[in-house]
Amino acid sequence: IKIAMMFSFLFLVSCYIFTNNNLYARIKTFQVKNFPNNAALTNATLSQDFTVALQNKFQKTTLKSAIEKPDLLIEGEITDYSITPTTISNPVSTTGGNIQAAQNKLTIIVKVHYENAIIPEKSFDRSYTDEAVFSSDLDINAIETSQVKLVNDRIITKIFNDIVADW
């Protein structure tokens, strides 16, 4: 029974730490600057969608948004946005010998500059990448929004975890 109680206590403590993101008490504010889309292939809403989603992720913590002198500053740029064929289906019988992609891959790469004014040694510069594979039979215009959201969410989770996970 003592062992079961001890495991229960440890489980509850770990849940508390995870749900409160274990932020240092001295860190009170954050700022997420606009992430411009500097990729060769453009998506008209990618910059705004990514920036707002990242801001929303941090607003769900106990941190307050700040315009000047934030404790945490997150900025960067979208450096790659590409859709490439990944799997080739059987060649199409044409005189040009064209081949058809069976699947496409959406890839997004984001370069992040993170400054921690309270604990400067936690600051970093990193690139984050993620991708989504989808059937080439689907109309890219019909599914692009959902695929971009999926990839953005994954990248944002990686960024958030790198910033707050070890606290």
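The exercises below work through a predicted model of one protein, each followed by a stepwise solution. Residues are numbered from 1 along each chain as its sequence is written, and side-chain values use heavy atoms, with hydrogens and water left out. Because the model is predicted, local features need pLDDT of at least 70 and side-chain atom pairs count only at pLDDT 80 or more, while totals for chains, interfaces and linings use all residues.

**Exercise 1. Describe the order of the secondary-structure elements and the overall burial of the chain.**

Step 1. Helices (H or I, at least four residues) and strands (E, at least two) are taken as DSSP runs, numbered from the N terminus. The protein has three helices and five strands, and from the N terminus on they run α-β-α-β-β-β-β-α.

Step 2. Buried residues (under 20% relative accessible area, with exposed over 50% and partly exposed in between, for a 1.4 Å probe and protein chains only) make up 34% of the 167 residues.

Step 3. With contact meaning heavy atoms within 4.5 Å, residues 24 or more positions apart account for 70% of the contacts with a separation of 6 or more.

**Exercise 2. Identify the elements that supply the largest nonpolar core, and examine the contacts of Ile 74.**

Step 1. A nonpolar core is a set of buried Ala, Val, Leu, Ile, Met, Phe, Trp, Tyr and Cys residues joined through side-chain atoms within 4.5 Å. The largest one has 33 residues, and those with the most contacts inside it are Phe 50, Leu 54, Phe 58, Ile 74, Ile 108, Val 112 and Ile 163.

Step 2. At least two residues of this core come from each of β1 (29-32), α2 (46-59), β3 (72-88), β4 (101-116), β5 (124-135) and α3 (140-164), and α3 gives the most, with nine residues.

Step 3. Once neighbours within four places in sequence are set aside, the contacts of Ile 74 include Leu 54, Phe 58, Val 112 and Ile 163, and also Gln 31, Lys 33 and His 113.

**Exercise 3. Characterise the lining of the second largest pocket.**

Step 1. On a 1 Å grid over the protein atoms alone, a pocket is an open set of points where a 1.4 Å probe fits, with protein on both sides within 12 Å along at least five of seven lines, and lining residues have an atom within 4 Å of a point.

Step 2. The lining consists of Asn 43, Thr 45, Asp 49, Ala 53, Glu 144, Thr 145, Val 148, Lys 149, Asn 152 and Asp 153. The elements that give two or more of these residues are α2 and α3, with α3 giving the most, six residues.

Step 3. The lining divides into two nonpolar, four polar and four charged residues.

**Exercise 4. Compare the settings of Lys 69 and Asp 71: which is buried and which is exposed?**

Step 1. Lys 69 is found in the loop between β2 (64-65) and β3, and Asp 71 has its place in the loop between β2 and β3.

Step 2. Lys 69 is exposed, because its relative accessible area is 79%, whereas Asp 71 counts as buried, because its relative accessibility is 13%.

Step 3. Phi of Lys 69 is near 45°, a positive value in a residue other than glycine.

Step 4. Asp 71 touches, not counting residues up to four places away in sequence, Arg 26, Ile 27, Lys 28, Thr 29, Glu 115, Asn 116, Ala 117 and Ile 118. Asp 71 and Lys 28 are 43 residues apart in sequence, yet their C-alpha atoms are 6.5 Å apart in space.

Note on methods. Nonpolar A, V, L, I, M, F, W, Y, C, P; charged D, E, K, R; others polar.
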